[in-house]
Amino acid sequence: MLLSLLKTSIVPRSLFGRSLLIIVMPLILLQLVSTWIFYDRHWDTITRRLSNSIAGDIAQVIELGRQSPGEDSRAAIFDMARRNFGLVISLREGAILPADNSGNNARIDFFLSQALNSRIQRPHQIDSSSYRERVIVDIQLQDAVMTVVVPGKRLFSTTTYIFIMWMVGTSLVLFAVASIFMRNQVRPISRLAHAADQFGKGRDLDVNFKPEGAQEVRQAASAFNVMRERLRRQIRQRTDMLSGVSHDLRTPITRMKLQLAMQPESEAVTGLLDDVAEMERMIEGYLTFARGEDDEAGKRVDLGAIVEDVVAGWRRNNVKIDCHVEGTLEAWLRPDAVRRTLDNLLVNARRYGQNIWVRAGRRGEAIEITVDDDGPGIAEAHREDVFRPFYRLDESRNPDTGGTGLGLAIARDLVRGHGGDITLEDSPHGGLRVRIRLPL
């Protein structure tokens, strides 16, 4: 019963993932902000300056051509632009630019067009379809179209890729370091949660949980070890006390039975013998409830076989029980405690119903057992009360009609000692359904 007070503590399986998410989200936000600032400020500034530089070179070529007309001067100017500016310039006499002036790259087209309008102030057309290799600029002159082929490296800055690679690379490095750190911090918490979960289910560990991890986690682990040792000591003290109480109570009862057996048979003696026998049953029930989880060792067994064995024992006493077990149901449990739980439930079902239905099967990550009867059932308002020790729906103190009021209390105590739970529902057969869930 004491172990049932220990609530099962389970760290969500996604704790490590959530911890990483806490790290990843700031990194992503930082990258988004940095990217926005880069593209909105840095790249625009660089592109604008490069565009102004090219527009200035083209304006210089046009100005030199205006000052020194002639074929020879024009060829010399174009050769100078190719050597010094990297611009390949050609002239188409008598050509006129088409009206369509749409470009291919909005950012480059915008800044370059803005720079050309500021420096040259002549109609122009930009072809930036291959901007990484070259950008072609057609400028309408008075009697010709000048075509300028600009190298892509003069308009496209590789700092974009460098920035992205450094940003992604450093983020991955930081993410890896943070993942290792978080894993080392989460692992002790997961181990502590597992140890608490195992202890809450009665699956005690052979050795103490070793404190490790952050200081707070080590303190929690140390407190868990102290708590577990206190519970062990309290359980041992209670078991020893109950053993003494059992011996002290049974000794005078045995003497009373012997003295009554030596008396001549009479109605009074027979009544006293019945009272003594009933007293023994009540004391045994009280001790069973108080003992709760005894020192029985847990092991992995087939729960379905236990259910069928218990039902077979009741059938030998001519009790009508319909039993169905869905395959092999292996689980870690204390076999005698489970048998006692089923016996207590079948006692209640037999007391109030004529027919009993028992079902056992796996449901998700737990094994579920249901015990149905066709009796009067229990009103929903009293379904939680009947699990209280010594509570009986029958207000009389007659054990033959209401029992001692410990059957369901013992059953819930034993089930919760395994980390499971027991609930009451309406049965489809008209009576009460008792549902037990035990973890695998």
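In the predicted model, S51 is in contact with F111, L112, A115 and L155, leaving aside residues up to four places away in sequence. S51 belongs to helix 1, which covers residues 15–67. The relative accessible area of S51 is 0%. Since buried residues are those under 20% relative accessible area, S51 is classed as buried.

A separate part of the description concerns a sheet. Strands of a sheet pair through backbone hydrogen bonds, in either a parallel or an antiparallel manner. Here, five strands form an open sheet in the order 6-8-9-11-10, and the pairing is mixed. The edges are taken by strand 6 (321–325) and strand 10 (421–426). Each of these two strands has a single partner strand, so one side of each is left without a neighbour in the sheet. From one strand to the next, the twist averages 15 degrees.

At one edge, strand 10 runs antiparallel to strand 11 (residues 432–439), and six bridges join the two. Within this pair, E425 is placed opposite R433 of strand 11.

Two helices are found in contact with strands of the sheet. Helix 7, formed by residues 303–315, packs on the sheet and touches strand 6, strand 8 (356–363), strand 9 (366–373) and strand 11. The direction of helix 7 makes about 165 degrees with that of strand 6. Helix 10, formed by residues 407–417, lies across strand 10 and strand 11. The angle between helix 10 and strand 10 is about 130 degrees.

Notes. Residues numbered from 1 in each chain as written. Predicted model: local features only at pLDDT ≥ 70, side-chain atom pairs only at ≥ 80, totals over all residues. Heavy atoms only, no water. Pairing = 2+ DSSP bridges. Helix = DSSP H or I, 4+ residues; strand = E, 2+ residues; numbered from the N terminus. Axes fitted to C-alpha atoms, helices over the stretch in contact; angles between N-to-C directions. Contact = heavy atoms within 4.5 Å. Buried < 20%, exposed > 50% of the residue type's maximum accessible area, 1.4 Å probe, protein only.
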